[in-house]
Amino acid sequence: MSASLDFYRVGDAICDEILGLLEMTANETLKKQDVFRVGVSGGSIANVLSEGMHDLRSDFSKWQIFLCDERIVPEDDKESTYGVYKRDLLDCHPGFPKSVFYPVNCSLEPVEAAADYDKTIRKAFGLENSKEIPSFDLLILGIGPDGHTASLFPGHPLLEEKEKLIAPIENSPKPPPKRVTMTYPLINNAKVCLFGSQGESKADILKKILVDKDQSLPVTRVDPKNGRLIFVACDGAASKIEGNPGRKTKA
C-alpha cells in the first residue's frame, strides 16, 4: 500500500461513520463538479447504505451510483446486490431517484454482462471512445472473512487482470458462481476507496491487511494510486490493531 491511508475506530457500529463520509465526499465533490459518481457493494455494506442513504443531505439528482460487483441472478433473488438497494432503499423511499442507479444487466451471461457494464460506465463518464480509465469519486467496499473485496478472491486469476475494467467470473469460490466485478485497474484509479469492517469476526483478517500487509489478500492490494484509502472499523474488528496504522501520503 502506498496511498494516503486513514483509519477510524468507531465504537460499536460503523453505520454513522460510513454514511457521514459518503455525505461529506458527495457534497465536497459537487462543489467542484456537476456529478458525484460512487460505486457501492453488497453484503453488510449494502445493508448500511440502503437503510441510511435516503437521510443524507445531498442533491441525489446529481449522483450516479454503480455496483462494485454483482451476482448474475434476478434482482428479486436474495443474492442480488442491486436487489438489496431496490428492496430496502428505492421501494421504501419513493423520493430517492431510481434513475441514479446503474444496475448490471443480469439477463446476460457473465462475459456479456461485464462487457455491457464496462460500456455503461464509460458512457456515464463520457469515455465511450477513449482508453482512459474512469476515476470514481468514491468506492465503498467490503471486507470478506477471507480478505476478498468486490468479487476479487484470494488466489483467483482475476487478481492479475490488467486490461479489463469490469471482468466476468464464472467460478466464484463463494456462491453464486456467476458474477461480474470491478478489477484493480478501475478500483485503484478511484479518488477515494472506503472500507467498512464490522464485528470481532473481522479482527484477524483486518490485522493481516493493515498490520501484516499480507499481499495475498485482495483487500491489501487496493491502493488508489492518486487517491485516499479509508478504513472504518468498530472496536471489535479493530481489537487486534494497536495504535493507528495510517501512513503519510507518498511523496
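Okay, let's start with a pair of helices: helix 2 and helix 3 are roughly parallel to each other, because an angle under 35 degrees counts as roughly parallel. The angle in question is roughly 25°, and the two axes come within 8 Å. Helix 3, by the way, covers residues 81–90. Before I go on, please keep in mind that what we're looking at is a predicted model.

So what does helix 2 use to touch helix 3? On the helix 2 side we have Ile 45, Ala 46, Asn 47, Leu 49 and Ser 50, and they meet Val 84, Tyr 85, Asp 88 and Leu 89 in helix 3. The crossing there is right-handed.

Helix 2 has another helix partner. That's helix 1, residues 15–30, and its axis comes within 10 Å of the axis of helix 2, which spans residues 43–52. These two cross at roughly 65°, which makes helix 1 roughly perpendicular to helix 2. This crossing is right-handed as well. Which residues in helix 1 meet helix 2? Cys 15, Ile 18, Leu 19 and Leu 22, and across from them in helix 2 sit Val 48, Leu 49 and Gly 52. If you were listening carefully, you'll have caught Leu 49 in the helix 3 list too.

Now, the sheets. One of them is an open sheet of seven strands, in the order 1-10-9-6-2-3-5, and the pairing is parallel. What stands at the edges? Strand 1, residues 4–9, and strand 5 do; each has a single partner strand, so one side of each is left without a neighbour in the sheet.

Let's zoom in on one pair in there. Strand 6, residues 138–142, runs parallel to strand 9, residues 192–197, and four bridges join them. If you want a spot to click on, Leu 141 stands opposite Phe 195 in strand 9.

And here helix 2 comes back: helix 2 lies across strand 2, strand 6 and strand 9, and runs at about 125° to strand 6. Helix 6, residues 203–210, packs on this sheet too, touching strand 1, strand 9 and strand 10. The direction of helix 6 makes about 155° with that of strand 10.

On to the other sheet. This one is an open sheet of three strands, order 4-8-7, with antiparallel pairing. Strand 4, residues 69–71, and strand 7 are the edge strands here, each with a single partner strand, so each has one side without a neighbour in the sheet. From one strand to the next, the twist averages 20°.

Strand 8 pairs with both of those edge strands. Four bridges join strand 7 to strand 8, and Ile 169 stands opposite Arg 179 in strand 8. On the strand 4 side there are three bridges to strand 8, with Glu 70 opposite Val 180.

Which way do the residues of strand 8 point? In a regular strand the side chains alternate between the two faces of the sheet. Here Arg 179 and Thr 181 point one way, while Val 180 and Met 182 point the other way, and all are buried.

Next up is helix 4, residues 110–124. With 15 residues, helix 4 reaches 21 Å from its first C-alpha to its last, close to the 21 Å expected. Which residues of helix 4 are buried? Among them are Ala 113, Ala 114, Tyr 117, Asp 118 and Ile 121. An α-helix has 3.6 residues a turn, so residues three or four places apart point the same way.

The buried residues of helix 4 pack against quite a list, including strand 2, strand 3, strand 5 and helix 5. Strand 7 and strand 8 are on that list as well. Right after helix 4 you'll find Gly 126, with a positive phi near 70°.

Last stop: Ala 150, in the loop between strand 6 and strand 7. Is Ala 150 buried or exposed? The relative accessibility of Ala 150 is 9%, so Ala 150 counts as buried, the cut-off being under 20%. Who's around it? Leaving aside neighbours within four places in sequence, Ala 150 is in contact with Cys 68, Asp 69 and Thr 181. Glu 70, which we met opposite Val 180, is 80 residues away from Ala 150 along the chain, yet their C-alpha atoms are separated by 8.2 Å.

That's my tour, thanks for listening!

Note on methods. Residues are numbered from 1 along each chain as its sequence is written. Side-chain values use heavy atoms; hydrogens and water are left out. The expected span of a helix is 1.5 Å times one less than its number of residues. Buried means under 20% relative accessible area, exposed over 50%, partly exposed in between (1.4 Å probe, protein chains only). Contact means heavy atoms within 4.5 Å. Two strands pair if DSSP finds at least two bridges between them. Axes are lines fitted to C-alpha atoms, for helices over the stretch in contact, and angles run from 0 to 180 degrees between N-to-C directions. Angles under 35 degrees count as roughly parallel, over 145 as roughly antiparallel, 65 to 115 as roughly perpendicular and the rest as oblique. A crossing is left-handed if the near helix is turned anticlockwise from the far one by less than a right angle, and right-handed if clockwise.
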